[in-house]
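The report below walks through a structure step by step, moving from one of its helices to single residues and then to a ligand. Please keep the sequence and the 3D view open while reading.

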Amino acid sequence: MSSPTTVPSALALSSSALFASSAGRIPLFSRFSVYTPSIRQQRSRCRRLFAVSALAEPLEVCAKASVTTPGKLGDCPFTQRVLLTLEEKKLPYEMKLVDLRNKPEWFLKVSPEGKVPALKLDEKWISDSDVITQALEEKFPDPSLAVPPEKASVGAKIFSTFIGFLKSKDPNDGSEQALLTELTSFNDYIKDNGPFINGKDISAADLSLGPKLYHMDIALGHYKKWSVPESLPYVKSYMKTIFSLPSFTKTRAQPEDVVEGWRPKVEG
Ligand SMILES: N[C@@H](CCC(=O)N[C@@H](CS)C(=O)NCC(=O)O)C(=O)O
């Protein structure tokens with residue numbers, strides 16, 4: 001049985017370091033006034049510190065390994081969604097990179113369907129990015145990434161229409177138009193409600209959609225020489241904002257892995 005490749009995150013800090021870094025996020029003094037957190041802010045910070053410091057070890061997460069560069073993270077948008085959630089919640093984690101072309105026995109034991117992402121929470125392995133991100137939100141509610149149910153599905157058809165267009169061999173089958181229709185409605189939504197899906201703050205909905213837009217951008221750029229048209233400036237600026245978040249640059253796949261990952265769909 002092969003042992004997993006583990007990659008500790010830079011966030012796998014001791015709890016004292018976590019106290020220091022969390023406290024450091026809010027300046028204690030501003031130029032003119034002394035900062036006094038409200039009771040609600042203090043309670044929320046205490047709850048978060050208690051939950052995070054109760055983590056004896058970094059959270060273990062199974063992630064797709066790169067097919068182009070040994071020891072690097074691969075190109076799974078669902079894995080990136082979970083890593084983004086861990087990063088935005090400032091939770092320490094350790095990645096176990098899994099070669100999905102040759103799944104080791106230990107991995108099939110923790111993820112019987114053989115899929116990443118999988119995360120160990122309270123001594124139990126859980127799979128599926130929907131289930132994992134919901135469980136993280138419940139256990140570590142601060143900072144909140146919760147999104148109202150009516151906004152959770154904004155942009156949800158972009159990924160499937162992107163795949164339809166990517167696989168299409170007939171330029172007149174309407175698949176490009178189907179994607180443009182979804183992107184246009186997302187453009188209008190962000191124009192009226194942005195800059196993020198839930199308004200001014202990032203939420204779980206952005207962490208789900210961001211990696212999918214990244215795949216769309218790279219795969220359609222490579223295989224179709226296509227990019228989001230200038231007529232959709234809010235989609236373009238949304239992508240730029242998400243792709244440049246520190247949490248995103250730290251957890252994104254290498255473009256060459258994204259290209260290789262989609263090759264079977266394009267050529268198949
Ligand atoms: N619905 C799942 C989808 C997970 C999924 O499809 N993961 C892919 C990698 S991106 C996988 O593990 N595929 C198994 C394989 O390639 O054998 C989720 O949201 O986590």
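In this predicted model, helix 8 has 19 residues, which at 1.5 Å a residue should span 27 Å, and because its end C-alpha atoms are indeed 27 Å apart, the two values agree. Along helix 8, the residues Leu-179, Leu-183, Phe-186, Asn-187 and Ile-190 are buried. These buried residues cover an arc of only 110° around the axis, and therefore they lie on the same side of helix 8. Gln-177 and Asp-192, by contrast, are exposed on the other side of helix 8. As for what the buried side meets, the buried residues of helix 8 pack against helix 7 and helix 10, the latter covering residues 233-243.

Just before helix 8 comes a loop, and Gly-174 has its place there, between helix 7 (158-167) and helix 8 (175-193). Is Gly-174 buried or exposed, or something in between? It counts as partly exposed, because it has 13 C-beta neighbours inside 10 Å, whereas a residue needs 20 or more to be buried and 12 or fewer to be exposed.

A second residue to look at is Val-258, which is found in helix 12, a helix made of residues 255-267. Val-258 is buried, because 22 other C-beta atoms lie within 10 Å. If its neighbours within four places in sequence are left aside, Val-258 is in contact with Asp-75, His-215, Ile-218, Ala-219 and Ala-253.

Each of these two residues can also be paired with another residue, and the table sets out how far apart the partners are in sequence and in space.

| Pair | Apart in sequence | C-alpha to C-alpha |
|---|---|---|
| Val-258 and Val-67 | 191 residues | 9.7 Å |
| Gly-174 and Gly-164 | 10 residues | 9.5 Å |

Which residues are found around the ligand? They are Lys-64, Cys-76, Phe-78, Leu-100, Gly-114, Lys-115, Val-116, Pro-117, Asp-128, Ser-129 and Asp-130. Sorted by class, this shell around the ligand holds 5 nonpolar, 2 polar and 4 charged residues.

Finally, a careful reader should ask about confidence. The protein chain has an average pLDDT of 88, and 82% of the residues score at least 70. Over residues 10-32, however, the pLDDT is below 50, although this stretch has 24 contacts in the model beyond near neighbours in sequence. Where pLDDT is low, the predicted coordinates should not be read in detail.

Note on methods
Residues are numbered from 1 along each chain as its sequence is written. This is a predicted model: local features need pLDDT of at least 70, side-chain atom pairs count only at pLDDT 80 or more; totals for chains, interfaces and linings use all residues. A residue is near a molecule or strand if its C-beta atom, placed from the backbone, lies within 6 Å of it. Ala, Val, Leu, Ile, Met, Phe, Trp, Tyr, Cys and Pro count as nonpolar, Asp, Glu, Lys and Arg as charged, and the others, Gly among them, as polar. pLDDT is the predictor's confidence in each residue, from 0 to 100. Two residues are in contact if their C-beta atoms, placed from the backbone, lie within 7 Å. Helices (H or I, at least four residues) and strands (E, at least two) are DSSP runs, numbered from the N terminus. The expected span of a helix is 1.5 Å times one less than its number of residues. The arc is that of the directions from the helix axis to the C-beta atoms.
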